Amino acid sequence: MFPKANTALRSAISKLPPIGPWLVVAIAVAWIGCHQRQSEPAALSPQDALTSFRLSDDFRIELFACEPYVLSPVEMVFDENGRIYVAEMLDYPEDPPPGKPARSRIRLLEDRDGDGRVDHAVVFADRVLEVSGLQPWKGGLIVTSAPDILFMKDTNGDGQADERRVLYTGFPKVNPEARITNPRLAIDNWVYASNTGSDGRITSPDQAGHAPVLVRGADFRFRPDRRTAEPASGPAQFGSTFDDWGNRFITQNTIHLRHVVLPMQYLDKSPFLDIPAVAQDISDHGRPSSPIFPLTSPQAWRVERTRLRQQRYDENRLNRTEQVGGYFSAASGSTIYSGDVFPKEYWGNIFTGEVNSNLVHRDILRQDGVSFLAARAKDGIEFLASTDPWFRPCNFTNAPDGNLYVTDIYRLFIETPESIPEELKKNMDFWAGDTMGRIYRIVSNKPLRRRDLKPQLGVATTVELVRLLESTNGWHRQTAQRLLLERQDPSAIPPLRELVQKSRSSLARIHALWSLEGLSALQAAQLGVALRDVDPHLREHALRLSEPWLDSSEALKRVVFDMARDSDMRVQFQLALTLGRTGDPQKLATLVELASLRPVDPWFRTAILSSVAESAHAFYEQLRSRSRTGVNPELLEQLGSVIGGKHDTAEMRRFLKALARESSPEAGLRGLARGLKLAAVRDLFVPEAQTYLSRFLNSSKEPVQAAAWEVARHLRLGDLTRKALAEALSEPLPLARRTFAIRALQGGSFEAVSSVLRTVLDSPSASILKLAAIDTLSVFDHPTVPSILMAPWKGYSPEARQRVLTVLLRRREWMAALVSALEDGNVERASVDATVQARLLDHPDPAVVDRARKVFSRQGEDRSGIVAAYRDVLKLRGDVAHGKQAFEKTCAKCHLPQGERARLGPDLSGISSKSKEELLKSILDPSASIEPRFVNYIVITKDGRMHDGILGNETPGALTLRGTSDEGDTTLLRRNIADIRASTISLMPDEIEKTLQRQGIADVIAYLQGGL
């Protein structure tokens, strides 16, 4: 690897006096480590760093601040008087050891001599753990520092925060790259913060009686003026920005730009509605990761990691090429330029840092339906790139002077240690550069106007602040609105109303409207005028602002209901969302018109159905009356899900009757069945349902029959149950029809159907019939179900055994029965796989856990000792082919996607970079470290059933668990959940060495090192 180094090393060793062989090895390792460290390029001085940049000819880059005035900066903000606050994330990439204070802090910077460079700094606040986000508020700062969002203020003028209190707490202290960050005050007067979807129960010390805000799978937002908080759509990592019109764009590491399409606050009234996504990737030049054009080569460690991977791929003839760079891998700090100094073609552009590749990427946004597309500004070249691999542009700031400022954390290594193989990171100093840091200013060579950094808006009069809402500079507009919100000065109301009426600037009129909202001074009459404004942006915002008046102002409501034919698609989309805020049944006519205009757009369908709420069937009837060809199947299925979830018997009867008129009734039936399952409905009596379902069951189309039987599973249907009992045992019938019949027995009583189900399980029936019988038995809450399921255990196929185990894990008392069967030997210990073991060891009853531990020989066992005892495996030669077979049998269930189901464990596509030692520890002691994204959650519903899985998606009304069984995902209504908790046990079993044996482990390691 280092031939010259090895020659020099041998020469040096030959001159040493005789020493022991182990000391020679130690010296060699240390010498090579030093040489490896020295192979990394040295940091550049701030002046030399300026020469490393290549950027658009329209601009130049200037040094604004550097060490010693700023260290490891990740966020910079200007307050109303131009004071400059910087978050210095000195703790990154790892928290300090227990008992040691945090190193991160906030600095207050000044340019005292006015030369455009910082020349003075004081520590505003120290010991602020992993501080990463700042937002000016009421003369101080809102600060993100997990587990808290803090408020800090200097009350005595010494430049140091003497007020420091918690606004919200409960955010998890996970990987520093995934913590609460990016507090941004938006035009709607809410502060939005990026949470990366991390699990947390957020509370406020000032609101002890309030229920916690659950942010798992979401971001977070709060009103600092009204002390309200709620989850927000996202989730974002490090990068969150708003355009002039309030559209939110977020960053997620390899996905450098996403648009939040569906705000979370509109989704809480429709818990039965399928909502696959709330945001979408908008890059038109590469998804999920876009190509980039750096000037630096990948760092030596990254090249070496890629070389090792490629070597293993080649050795195993995998015909695969590992890419070392050239794509987004660490996008950070996306920020829309909102100034007015750059040339106009840059206004509204979005700038994203790529910290791994030392560049700044520029995108041009354009509307695309209800969302946007982001286009590369220039092909083959970035807006700014550096030849200095230490340059880490992690964030940006729009400043009072109209320029764009870049915060450069300036580190040799930017990755967290866990992302780098042990054998490579031994000699990497992850804090190299923490005594440095730079902030740059990007300046136009031909500025449209001149501004400075001394705005002094803190002493501006209220009238002056109102006038600033007409500024072409976004910083001035946004700061003026914030100060009006903070001051709550009633004298602002008359000039704001005048601005709404007379300003020629659409942006000023929008800011004025939201400022009036913040002062609780908005009037319905003003909104009525705004809803007719020539600018669609204003009409869109007026719809949002009109929502509190929809049930109190008839005049305003009439204007809103008449907006379905608005010429702008985004206004129509906002209308679809806004209509959910009124209970007036007349809204349905408007929603029907929108559905007729936009039947195939999935975003529109979700928005429309989110507003249908309690009137789903009435909406369907109106929609059906307008259509000659029937309702769009996707819309029909989603409607069916909403109706099934509500399970109003009169509404269901009307819907089943109406479906007979549809050319594709199976879509509505499938949705109905899904909604009934979501609401956990059983034995529901729906008048005339038997008549209508019988017609569908006699259809010549198998999809219609199948969907009808799925609905029948949830209903009380005497005649159909008898029909199903007969068909379940009728051997001349096709297997598919018998399967439908067995599943339909879920609608009968246990006493009526259990004997037939026993017969199916005990007889040499086809596997598909046994699986259906197992599933049907699983719905009954009867104490004999476990014994019925386990009685034919010896004759089950592997798939049937797995299905039985899945069923037994759904209730705590059934889990205890399974443990008893394992203790008695009726169920073989070897037949219980990883996920089953993990669930039994997570049982709520400690006595059951103790029994399970004894069954699996885990009680008191030290896994680190097992790892040490198996180190001889590292000397064995692994067989890749055998390793592949063992992996597919033992590990693929969780680590690879299974059909339509996503993977349940970490993606192992990059596992080939791990050393044998790392892989051995991960295999033998999996619970030592569980990735937050793959924590297994245990959910207990109010009916006593237990569910588990990886969190897939959450909305205000429901959560989805990515299933650990072959049945796929499970969606549960929040109102049906009694308890939810994260498991501390990995889904991967601790005793895998008893399954694989030593040679098997060596084989799997060899396979993994060859790359999946």
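1. F351 is a good residue with which to begin: in this predicted model, it has a relative accessibility of 0% and therefore counts as buried. Its ring pairs with that of F383 in an edge-to-face arrangement, with 4.9 Å from centre to centre and 70° between the planes. Because F351 belongs to strand β22 (residues 350-354) while F383 sits in the loop between β24 (371-376) and β25 (384-386), the pair ties together parts that are 32 residues apart in sequence. F383 is also buried, having a relative accessible area of 6%.

2. The surroundings of these two rings deserve a look as well, since F351 and F383 belong to one aromatic cluster that also includes F59, Y337, F342 and Y346. In the structure as a whole there are 25 aromatic pairs. Among them is the pair of F53 and Y440, which is edge-to-face, with 5.0 Å between the centres and 75° between the planes. This pair links distant parts of the chain, for F53 is in strand β1 (residues 53-55) and Y440 is in strand β28, 387 residues apart. F53 is buried at a relative accessible area of 7%, and Y440 is buried at 0%.

3. Strand β28 (residues 438-444) also contains R441, whose partner E62 lies in strand β2 (residues 59-66), so that the pair ties together parts 379 residues apart in sequence. The contact itself is a salt bridge between the side chains of E62 and R441, at 3.0 Å from N to O. How accessible is each partner, E62 and R441? E62 counts as partly exposed at 23% relative accessibility, whereas R441 is buried with a relative accessible area of 9%.

4. Salt bridges come to a count of 55 in this model, and the one between D719 and R722 shows a contact within a single element. The closest N and O atoms of D719 and R722 are 2.3 Å apart. Both residues lie in helix α22 (residues 718-728), where they are three residues apart, about one turn of the helix. D719 has 44% relative accessibility and counts as partly exposed, while R722, at 52%, counts as exposed.

5. A further salt bridge joins the side chains of R811 and D781, at 3.7 Å from N to O. Here distant parts of the chain are linked, as R811 is in the loop between α27 (798-808) and α28 (812-824) and D781 is in the loop between α25 (767-777) and α26 (785-790), 30 residues apart. R811 counts as buried at 3% relative accessibility, but D781 counts as exposed at 56%.

6. Some salt bridges share partners, and in this way D188, R221, E230 and R544 are joined into one network. R221 has an aromatic contact too, because its charged end sits over the ring of W190, and CZ of Arg within 6 Å of the ring centre is part of what such a contact requires; the distance from the centre is 3.7 Å. The charged end of K344 likewise sits over the ring of W347, 5.3 Å from its centre.

7. Finally, how many disulfides does the model contain? The count comes to zero. Two cysteines may still be noted for their burial: C66 is buried with a relative accessible area of 9%, and C394 is buried with a relative accessible area of 7%.

Definitions and conventions:
Residues are numbered from 1 along each chain as its sequence is written. This is a predicted model: local features need pLDDT of at least 70, side-chain atom pairs count only at pLDDT 80 or more; totals for chains, interfaces and linings use all residues. Side-chain values use heavy atoms; hydrogens and water are left out. A salt bridge is a side-chain nitrogen of Lys or Arg within 4 Å of a carboxyl oxygen of Asp or Glu. Helices (H or I, at least four residues) and strands (E, at least two) are DSSP runs, numbered from the N terminus. Buried means under 20% relative accessible area, exposed over 50%, partly exposed in between (1.4 Å probe, protein chains only). A disulfide is a pair of cysteine sulfur atoms within 2.5 Å. Rings of Phe, Tyr and Trp (its six-membered ring) pair if their centres lie within 6.5 Å; planes under 30 degrees apart count as stacked, over 60 as edge-to-face and the rest as tilted. A charge sits over a ring if NZ of Lys or CZ of Arg is within 6 Å of the ring centre and within 35 degrees of the ring normal.
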